[in-house]
Amino acid sequence: MTEPSPQPVDGPHGQPQEADRLRDILRAPGYLKILAFSALIGIPVSLIAFWFLAGLHELEHALWAAIPHHLGWDTPPWWWPLPLLLVAGVLVGLVASRLTGGGGHIPAGGLHAGATSPTALPGVVLAAAASLPFGAVLGPEAPLIALGGGLALLFRDLTRTPATPQTTALLGAAGAAAAIAAIFGNPLIAAVLLIEVAGVGGPRLFAVMLPALLSSGIGALVFTGFGRWTGLETGSLGLTLPLPHLDPADVLWTVLIALVLAVFLHPVLEAGRRTAAFVSAHVLPRTVLCALGAGACAALYALATGHTPADVALSGQATLAELAADPHAWGVGALIAILLLKSAAYALCLGSLRGGAIFPAVFLGAAAGALLAPLPGLGVVPAMAAGMAAATATIMRLPVSSVVLVVLLLGSSAMIPLVILAAVVSFVTTELLPAGTALPSAPSAEERAADAGSPKAAGAP
């Protein structure tokens with residue numbers, strides 16, 4: 001008589017243990033096929049994402065550097081953003097009102113991890129190409145997520161892989177991750193970002209995660225300080241790296257910076273939502289009007305400070321590198337002007353043009369940090385680290401992704417405790433502030449999966 005196969009040991013409530021559940025999922029033939037297909041999808045998606053980003057960069061360089069230089073200007077004149085953003089408003093308005101998918105989701109609504117229908121990809125690409133290089137105060141991450149997810153589903157259909165809600169959700173996430181890794185240059189931030197955007201675990205996950213994240217940051221501060229003050233060692237799992245030189249003043253100023261940025265940027269996001277509601281009534285003319293408003297903010301900044309209007313226009317990615325390299329190149333007046341006017345242009349673009357919200361948020365946080373760095377006992381690096389983390393967590397409401405992104409940008413683990421503290425404080429503060437205007441509800445992940453993967457969507461009767 002044969003022995004019965006061992007059964008999974010039940011947990012305390014009579015449920016199979018999580019390890020057994022995971023093992024069953026991994027052993028399923030369908031899942032292994034999806035895993036293999038995801039690995040193959042990463043190759044063409046990454047190549048297309050690379051050329052998409054390269055094309056956007058070359059067009060931006062031509063519009064904001066090559067053409068002005070050819071016309072005899074070292075930097076674009078103050079009025080330069082007005083015609084460019086007029087063109088952006090017209091093109092995005094036409095795409096949003098006439099093409100399938102409306103050119104992608106509205107940036108003020110945050111990132112979405114659901115798979116994009118392949119039929120919406122032309123509108124996504126056109127709207128991004130009309131927005132980002134022409135001066136929209138937005139980044140490329142949202143179009144990349146949509147592009148990667150849509151391409152993954154397109155390749156699935158071309159290979160005649162069964163279109164089910166499961167394959168739609170998993171392959172869409174895999175394609176989005178492959179594309180988003182191209183802009184951040186790191187697969188870790190892509191994976192963390194998509195986990196948080198997808199909302200796996202819902203509010204309960206955030207409720208459990210925030211205390212753990214905050215406690216780990218505070219614990220790191222305590223251990224760092226005690227080790228430096230006493231000269232004693234406790235032993236740790238890690239490489240031998242120089243310990244961060246963080247003072248109590250850094251911690252106190254970090255909390256204040258996080259609170260101030262949450263209170264400052266929350267109305268900016270609310271203004272973006274109100275702009276989206278305003279544009280939705282008459283898409284084309286009001287998109288043009290908002291784009292011109294963003295151009296006027298950039299022109300006013302150039303007139304008032306003598307700096308290039310590109311500081312306010314565009315995502316801020318290039319200007320962020322310049323700010324980090326030489327924060328003192330901007331005076332107090334210029335930093336205040338760029339914070340106010342780029343925030344105004346940001347709000348207008350969030351509700352009217354197409355792109356992502358992360359890059360401008362990171363820049364605004366860095367500019368705020370550079371402005372506040374002269375505070376007693378603070379310093380430029382801790383101030384900019386706290387500002388970037390607080391601004392990103394406030395706008396995106398993704399605290400873990402904000403921490404990982406800022407740490408990767410800094411290229412050092414020295415500021416991790418301050419970055420965690422700033423992200424958690426700003427995130428909690430933002431969540432406690434009034435919710436404000438709600439955008440039209442986006443379809444759920446299940447509805448997107450059903451729309452993209454059902455037989456009806458595939459053309460069956």
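Here are some numbered notes on the predicted model shown above.

1. Let's begin with the overall make-up. The protein contains 17 helices and zero strands. It has 461 residues, of which 47% count as buried. About 21900 Å² of surface is exposed, and carbon and sulfur atoms supply 69% of that area. If you take the contacts between residues at least 6 apart in sequence, 78% of them join residues at least 24 apart.

2. Next, the interior. The largest nonpolar core has 117 residues, and the members that touch the most others are Phe184, Leu323, Tyr346 and Ile358. When neighbours within four places in sequence are set aside, Phe184 is in contact with Ile189, Leu193, Ile358, Phe359 and Leu405. Two of these partners are worth a second look: Ile358 is itself among the residues that touch the most other core members, and Leu405 is one of the buried residues of helix H15.

3. Leu323 deserves its own point. This residue is found in helix H11, and it counts as buried because its relative accessible area is 1%. Leaving out neighbours within four places in sequence, Leu323 is in contact with Trp330, Leu335, Phe363, Ala366, Ala367, Ala370 and Met384. Met384 is 61 residues away along the chain, and the C-alpha atoms of Leu323 and Met384 are separated by 9.9 Å.

4. Helix H15 is a good one to click through. It covers residues 399-410, twelve in number, and spans 17 Å from its first C-alpha to its last, close to the 16 Å expected at 1.5 Å a residue. Buried residues in H15 are Pro399, Ser401, Ser402, Val403, Val404, Leu405, Val406 and Val407. Just after the helix comes Gly411, with a positive phi of about 70 degrees.

5. If you check backbone angles, here are two residues to have on your list. Leu314 is not a glycine, yet its phi is positive, near 70 degrees. You will find Leu314 in the loop between helix H10 (283-305) and helix H11 (317-325). Is Leu314 buried or exposed? Its relative accessible area is 8%, so Leu314 is buried. Arg397 also has a positive phi without being a glycine, in this case about 55 degrees. Arg397 sits in the loop between helix H14 (380-396) and H15. With 19% relative accessibility, Arg397 counts as buried, the cut-off being under 20%.

6. On to the cysteines. How many disulfides are there? The count comes to zero. Cys290 takes part in no disulfide, and the nearest cysteine sulfur, that of Cys349, is 8.7 Å away. Cys290 is buried, since its relative accessibility is 5%. Why is Cys297 unpaired as well? Its closest cysteine sulfur, in Cys349, is 8.7 Å away, which is too far for a bond; a disulfide would need the two sulfur atoms within 2.5 Å. Cys297 is buried too, with a relative accessible area of 11%.

7. Thr275 links back to one of those cysteines. Its place is in helix H9 (residues 248-281), and at 10% relative accessibility it counts as buried. A polar atom of the Thr275 side chain lies 2.8 Å from the backbone oxygen of Ala271. Setting aside neighbours within four places in sequence, Thr275 is in contact with Cys290, Ala347, Leu348, Gly351 and Ser352.

8. Ala334 is a further buried position. This residue belongs to helix H12 (residues 332-352), and its relative accessibility of 9% is why it counts as buried. Beyond its neighbours within four places in sequence, Ala334 is in contact with Tyr301, Thr305 and His307. The C-alpha atoms of Ala334 and Leu371 are 9.5 Å from each other, with the two residues 37 apart along the chain.

9. Finally, a residue on the outside. Pro434 lies in the loop between helix H16 (416-432) and helix H17 (445-453). Is Pro434 buried or exposed? At 62% relative accessibility, Pro434 counts as exposed. The C-alpha atoms of Pro434 and Pro267 are separated by 9.9 Å, while the residues themselves are 167 apart along the chain.

Notes:
Residues are numbered from 1 along each chain as its sequence is written. This is a predicted model: local features need pLDDT of at least 70, side-chain atom pairs count only at pLDDT 80 or more; totals for chains, interfaces and linings use all residues. Side-chain values use heavy atoms; hydrogens and water are left out. A nonpolar core is a set of buried Ala, Val, Leu, Ile, Met, Phe, Trp, Tyr and Cys residues joined through side-chain atoms within 4.5 Å. Buried means under 20% relative accessible area, exposed over 50%, partly exposed in between (1.4 Å probe, protein chains only). Contact means heavy atoms within 4.5 Å. Helices (H or I, at least four residues) and strands (E, at least two) are DSSP runs, numbered from the N terminus. The expected span of a helix is 1.5 Å times one less than its number of residues. A polar contact is a pair of N or O atoms within 3.5 Å; within protein, one must be able to donate a hydrogen and the other to accept it, and residues adjacent in sequence count only if both atoms are side-chain atoms. Accessible areas come from the Shrake-Rupley method with a 1.4 Å probe; for residues, only the protein chains shown count as cover.
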